[in-house]
Amino acid sequence: MSDLVVEKKGTTTWITINRPDARNALSRDLNLALSEIATDIDRDETVRAVVITGAGDKAFCAGADLKERKGIPASESGPYINAISSAINDVGAIRKPTICAMNGSAYGGGLELAMACDFRIGVEGSEVGLTEVRLGIMPGAGGTQRLPRIVGESRAKEMIMLGRRIPIARALEIGLVNSVVPRGQLHAAVEGILTELAGCAPLSVIHAKSAVERGASVSLEQGLEIERQCYDVTLYSADRDEGLAAFAAGRPPVYQGH
């Protein structure tokens, strides 16, 4: 049985971390496979959205597979660290909208993977945390950089420097997740977002995402220039013409993504 299950459903690719007995921990081989899959998805023009979730109901992802790393000296741990960092960064680099359906708790690399996605939906009763400092290390797959950008520097320091686990309800309060639903409603919540995305022009979504991400770490003046560059791509697209025609005719648009 594969540790990573990939299913194409219409224009959406679902990726399931399939190691429920290990709380869906990220092994080196799994990370290498995830990197390859993320790159392929980014290039596949037939994919308009991506959903990442975990198998079972114990956890979305417990983070790096510490049992795999047990006994490996620090001097030889580079390939493991590089694999998880690359996998998460490659997921974050997917241009299409990404949804993390967090079917349970997420710790360490599991939360770092969730933060690399555009939308995060949690389930009631779960919790999240970057607990690495309690293990003698620190977040090393984007946690110290993505978390402050999502929740602010002060709250990020509180979670990271104290290694705190917080209830999913608190994660919602600080904006770390977009919504929290009962476990049995997770799939429906994901489908709701996918339905909304289906009504939006794919090219517009891609470039809107790009403008937000590229503009987040530059000056307002530079960000406005990035926005205009992205806007101009959509302005001269066939989807823009279709959107206007559909509006005038009072019908739903049929976007082709170009």
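Select Thr 53 and show what surrounds it. Leaving aside neighbours within four places in sequence, Thr 53 is in contact with Ile 15, Thr 16, Ile 17, Phe 60, Ala 101 and Asn 103. This is a predicted model. Thr 53 belongs to strand E3. Is Thr 53 buried or exposed? Its relative accessible area is 11%, so Thr 53 is buried, the cut-off being under 20%.

**Along E3 to E5**

Now select strand E5, residues 98-102. One contact of Thr 53, Ala 101, sits on a face of E5 and is buried. How many residues of E5 are buried? Five of the five are, so the strand is largely enclosed by the rest of the structure. Colour the two faces separately. On one side are Thr 98, Cys 100 and Met 102. On the other are Ile 99 and Ala 101. Both faces are covered. The general rule behind this view is that side chains in a regular strand alternate between the two faces of the sheet.

Add E3 next to E5. The two run parallel and are joined by four bridges. To find the register, pick Val 50, which stands opposite Thr 98 in E5.

Then add strand E7, residues 119-123. E7 also pairs with E5 in the parallel sense, over four bridges. Here the residue to pick is Ile 99, opposite Phe 119 in E7.

**The four-stranded open sheet**

Hide those strands and select E4, E6, E8 and E9. In which order do they lie? They form an open sheet in the order E4-E6-E8-E9, with mixed pairing. E4 (59-61) and E9 (165-167) are the edge strands, each pairing on one side only. From one strand to the next, the twist averages 25°.

Zoom in on the middle of that order. Strand E6 (residues 105-107) pairs with strand E8 (residues 127-129) in the parallel sense, over two bridges. Tyr 107 marks the register: it stands opposite Gly 129 in E8.

**The hairpin of E1 and E2**

Move to strand E1, residues 4-9. It runs antiparallel to E2, and six bridges join the two. Lys 9 stands opposite Thr 12 in E2. Two residues lie between the strands of this hairpin. Select Gly 10 there: its phi is positive, near 65°.

Stay on Lys 9 and show side chains. What does Lys 9 lie over? It lies over the face of Trp 14, at 4.7 Å from the ring centre.

**The loop after E2**

Follow E2 (12-17) into the loop that leads to H1 and stop at Arg 23. Its phi is near 55°, a positive value in a residue other than glycine. Asn 24 lies in that loop between E2 and H1 as well. Asn 24 also has a phi near 55°, again positive in a residue other than glycine. Now switch on the surface. Arg 23 has a relative accessible area of 34%, so it is partly exposed. Asn 24 has 0% relative accessibility and therefore counts as buried.

Step on to Arg 28. It lies over the face of Tyr 80, at 6.0 Å from the ring centre. With the rings still on display, look for aromatic pairs: a search of the whole structure finds zero.

**Helix H3**

Select helix H3, residues 78-92. It has 15 residues and reaches 21 Å from its first C-alpha to its last. That is close to the 21 Å expected at 1.5 Å a residue. Highlight its buried residues: Ala 83, Ile 84, Ser 85, Ala 87, Ile 88, Val 91 and Gly 92. What do they pack against? Show helix H1 (28-43), strand E3 (49-54), helix H2 (66-69), helix H4 (109-115) and helix H5 (143-151).

**Helix H9**

Finish at helix H9, residues 202-215. It has 14 residues and spans 20 Å from first C-alpha to last, close to the 20 Å expected at 1.5 Å a residue. Highlight the buried set: Pro 202, Leu 203, Val 205, Ile 206, His 207, Lys 209, Ala 211 and Gly 215. Which elements cover these residues? The cover includes helix H8 (186-198), helix H10 (220-235) and helix H11 (238-249). It also includes E5, the strand with five of five residues buried.

Note on methods:
Residues numbered from 1 in each chain as written. Predicted model: local features only at pLDDT ≥ 70, side-chain atom pairs only at ≥ 80, totals over all residues. Heavy atoms only, no water. Expected span 1.5 Å × (residues − 1). Buried < 20%, exposed > 50% of the residue type's maximum accessible area, 1.4 Å probe, protein only. Contact = heavy atoms within 4.5 Å. Pairing = 2+ DSSP bridges. Axes fitted to C-alpha atoms, helices over the stretch in contact; angles between N-to-C directions. Phe/Tyr/Trp six-rings, centres within 6.5 Å; stacked < 30°, edge-to-face > 60°. Lys NZ or Arg CZ within 6 Å of the ring centre and 35° of its normal.
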